[in-house]
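Reader: I'd like to learn how to read a few features off a model like this one. Can you take me through them one at a time?

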Amino acid sequence: MKSIAIIGSGPAGCYLADQLLRLIPDASIDVLEKLPVPFGLIRYGVAPDHQSTKVVSRLFDRVLARDQVGFFGNVEVGRDVRLDELISLYDAVVLATGAARDRCLGIPGEDLPGVIGSGAFVGWYNGRPHAGAPVTRDIQSAVIIGNGNVALDVARMLAKGPEEFAGSDVAGEFLAWLAAQPLETVHIVGRRGAAEAKFTDHELAELGALQRAQPVLSDPATLTGDTAVVKTLRGFAGSNSRNAPVTINFHFNLAPSAFVGDGKLQEVRFRSAGGETVNLPAQLAVTCIGYEALPCCSVAPANGIFANQNGKVGERLYVVGWAKRGPSGTIPTNRVEAQQLAQKIAQEMQSGERPGGTGVRKLLEERDVRWVDYSGWRRIDAAEVARAGNGRSREKFSSPDEMLDAALDPQPRPA
């Protein structure tokens, strides 16, 4: 039997496990995840009010439930087991670790309190462990830098009222924080024109249906082109202004040049295409400019990704997903890429009769590592659903210790 280890249980890792089993039905696949819970970007990256997008986790759950697949939650490569140990134990090892670090703009003031990357901010409102809350309070104006769907997600989450989160799995801590903010204005700022924005039209149009927010254009005259996004923005500009407590203001052709403040953020400075300085007041700034991969034990990325040749990093070592190509594409993009890499692994892999999961279990037991298997994950899942309140779909545990305790508890406890 051929044995394969996949490091990471997000869309890239789960799609790859599924495709490998289609090509190598008798393979033994182990998925290692540093958190006690699976699904990565689906659980902690997709906006909590987009539950229809999270439905794909049901497919991934069925993959993890298969007899040939082992789940090792709460096992971090580099902390609990080394990468070279995995390579010696398996016929193939795949890095599916994603891109967990926010890219930096590299402009003055980026370390001011009130400036935060979208990965950290999105992780916080999604209840990801160790995702710290912004220290900023009394936010009247927020600036979001970026022209992609993540920027729209952040703006929508800030602009929604409490009743608009019904059915979501948004973190309770975020809701309490948001309710305390006297927010009046959200600025979405892009360095290119509206025709070059990376928004999808459907997500952009959602902003026009918010109950307590009104999207507007700072300068409708700058709208050029005939894309679907431009047409939707023109609709915002031409709609009758209503008495909404929050305004979502779109700006284009502005490049960020500095975050300004005395001890905390007070404004964000931009430069226009014509060289003029534009200052936007802000107590919170969220940069939505992309992500980069973190090192995995002894292997370090270069320019945000792991160097590879069509997914191959080295002898019996492969990479897939954002760790391979950078933070681009949609969730289904990972399925296509998984098909391609699964074919490559199936062609190249030779069975060395390595111990695979048996060897990993032995190492973890020797090192007293407390890991979560698939049945433990299902107990965590049931407990989170049982403790949900206020019309939400689940209340996530915010710490690994809580998750580990729930993994051992056969009885889900309601809130």
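Reader: Let's start with Asp-169: is it buried or exposed?

Author: The general idea is a cut-off: buried means under 20% relative accessible area, exposed over 50%, and partly exposed in between, with a 1.4 Å probe and protein chains only. Asp-169 has 4% relative accessibility, so it counts as buried. Before we go on, a word on the source: this is a predicted model, where local features need pLDDT of at least 70, side-chain atom pairs count only at pLDDT 80 or more, and totals for chains, interfaces and linings use all residues. Residues are numbered from 1 along each chain as its sequence is written, and side-chain values use heavy atoms, with hydrogens and water left out.

Reader: Where does Asp-169 sit along the chain?

Author: Helices (H or I, at least four residues) and strands (E, at least two) are DSSP runs, numbered from the N terminus. Asp-169 falls in the loop between helix H7 (149-159) and helix H8 (172-179).

Reader: Which side chains make polar contacts with the side chain of Asp-169?

Author: A polar contact is a pair of N or O atoms within 3.5 Å; within protein, one must be able to donate a hydrogen and the other to accept it, and residues adjacent in sequence count only if both atoms are side-chain atoms. For Asp-169, one such contact goes to the side chain of Gln-51 at 3.1 Å, and another to that of Lys-396 at 3.5 Å.

Reader: And what is Asp-169 in contact with, leaving aside its neighbours within four places in sequence?

Author: Contact means heavy atoms within 4.5 Å. Leaving those neighbours aside, the list for Asp-169 is Pro-48, Gln-51, Lys-54, Asn-126, Ser-393, Arg-394 and Lys-396.

Reader: Lys-54 is on that list. Where is Lys-54 placed, and is it buried or exposed?

Author: Lys-54 belongs to helix H3 (residues 51-54). With a relative accessible area of 7%, Lys-54 is buried. A polar atom of its side chain lies 3.2 Å from the backbone oxygen of Arg-43. Beyond its neighbours within four places in sequence, Lys-54 has contacts that include Ile-42, Val-46, Asp-169 and Lys-396.

Reader: Now the sheets. In what order do the six strands of the open sheet come?

Author: Two strands pair if DSSP finds at least two bridges between them. Here the order is S3-S2-S1-S4-S17-S16, with mixed pairing. Strand S3 (69-73) and strand S16 (312-314) are the edges; each has a single partner strand, so one side of each has no neighbour in the sheet. As for angles, axes are lines fitted to C-alpha atoms, for helices over the stretch in contact, and angles run from 0 to 180 degrees between N-to-C directions. Neighbouring strands in this sheet are turned by 25° against each other on average, direction ignored.

Reader: Which helix packs on the sheet?

Author: That's helix H1 (residues 11-23), which touches strand S1 (3-7), strand S2 (28-33), S3 and strand S4 (92-95). The direction of H1 makes about 165° with that of S1.

Reader: How does S4 pair with S1 and with S17?

Author: S1 and S4 run parallel, joined by four bridges, and S4 and S17 run parallel too, with three. Leu-95 in S4 is the bridge partner of Ile-7, and Leu-95 also stands opposite Val-319 in S17. Ala-92 and Val-94 point one way from S4, Val-93 and Leu-95 the other, and all are buried.
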